[in-house]
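This report describes selected parts of one protein model. The sequence and the structure are shown first, and the notes follow.

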Amino acid sequence: MLKLVHAMDMEFQNVKNYYDSFGGDKIDLNCYAIAQVENGPQKYFDYFINSELNLYYLVKDENPNYIIGFGTIEDSEILNYHKDYLNTGNIGYGIRPTERKKGYGTILFGLLLLECKKFGMHEVCVSCLKENIASSEVIKKNKGKLKKEFLDDETEKYGQKFWIKLHPKVSCRTKRLVKRTKNVISNWISELW
């Protein structure tokens, strides 16, 4: 069974093993926090502890030390910033090169969306390069709707921005509170009339 493990709960050596699996092409790593591995454990942990980033690793129950991929979630408070100004998004993810084309990206992305729901997020923004067909397919499989295409300033390549509507689960306590509030308001209105 696949699950997410928060970065604080993952041994540094396991992260280093994941980092090393990218060989010389570290640009494909696609995560600045994990790239801090080359600066040692202190820099690595300091980076995401001091940032707004939630960093997770995808592992299997039977081998939790072997990282299949990573995912990041940025806080929903910067959602409007993504919407209006950046060619990035709330979610970032990547899969170890040897584990690609096995469906892990779609599963990882779905698990990250569940985490977003737990945070109370109602929608997320995700971007990828237009030429990255695998990533755009993962996003579409997870109900991503293409909203715009743009020219990425850093790569000078075209990118795509997707939005995904989430429906966070409402707790029973919240449902009872809403019902009670509606009853109070309706009683108050009936008393006025």
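## Leu146

Leu146 counts as partly exposed because its relative accessibility is 41%, a value that falls between the 20% limit for buried and the 50% limit for exposed. The model is predicted, and this value, like the others below, is computed from it.

Leu146 belongs to strand β6, which covers residues 145-151. Leaving aside residues up to four places away in sequence, Leu146 touches Gln160, Lys161 and Phe162. For one of these, Phe162, the C-alpha atom is 4.4 Å from that of Leu146, although the two residues are 16 residues apart along the chain.

## The four-stranded sheet

Four strands form an open sheet in the order β1-β2-β3-β4, and their pairing is antiparallel. At the edges are β1 (2-6) and β4, each of which pairs on one side only. From one strand to the next, the twist averages 25°.

Strand β2 (residues 53-60) runs antiparallel to β3 and is joined to it by six bridges. Within this pairing, Tyr56 is placed opposite Gly71 of β3. Strand β3, residues 69-74, also pairs with β4 in the antiparallel sense, here over five bridges. Ile73 has Ile91 in β4 as its bridge partner.

## Burial of β4

How many of the five residues of β4 are buried? Four of them are, so the strand is largely enclosed by the rest of the structure. This applies to a strand that lies at an edge of the sheet and pairs on one side only.

## Glu99

Glu99 is located after the sheet strand just described, in the loop between β4 (91-95) and α5 (104-118). Is Glu99 buried or exposed? Glu99 counts as buried because its relative accessibility is 12%, and the limit for that class is under 20%.

The side chain of Glu99 makes a polar contact, at 3.0 Å, with the side chain of Lys102. When residues up to four places away in sequence are not counted, Glu99 touches Tyr66, Ile68 and Tyr104. Of these, Tyr104 is the residue at which the range of α5 (104-118) begins.

## Summary of the two residues

Glu99 sits in a loop and is buried at 12% relative accessibility. Leu146 sits in strand β6 and is partly exposed at 41%.

Terms used. Residues numbered from 1 in each chain as written. Predicted model: local features only at pLDDT ≥ 70, side-chain atom pairs only at ≥ 80, totals over all residues. Heavy atoms only, no water. Helix = DSSP H or I, 4+ residues; strand = E, 2+ residues; numbered from the N terminus. Buried < 20%, exposed > 50% of the residue type's maximum accessible area, 1.4 Å probe, protein only. Polar contact = N/O pair within 3.5 Å; in protein donor to acceptor, adjacent residues only side chain to side chain. Contact = heavy atoms within 4.5 Å. Pairing = 2+ DSSP bridges. Axes fitted to C-alpha atoms, helices over the stretch in contact; angles between N-to-C directions.
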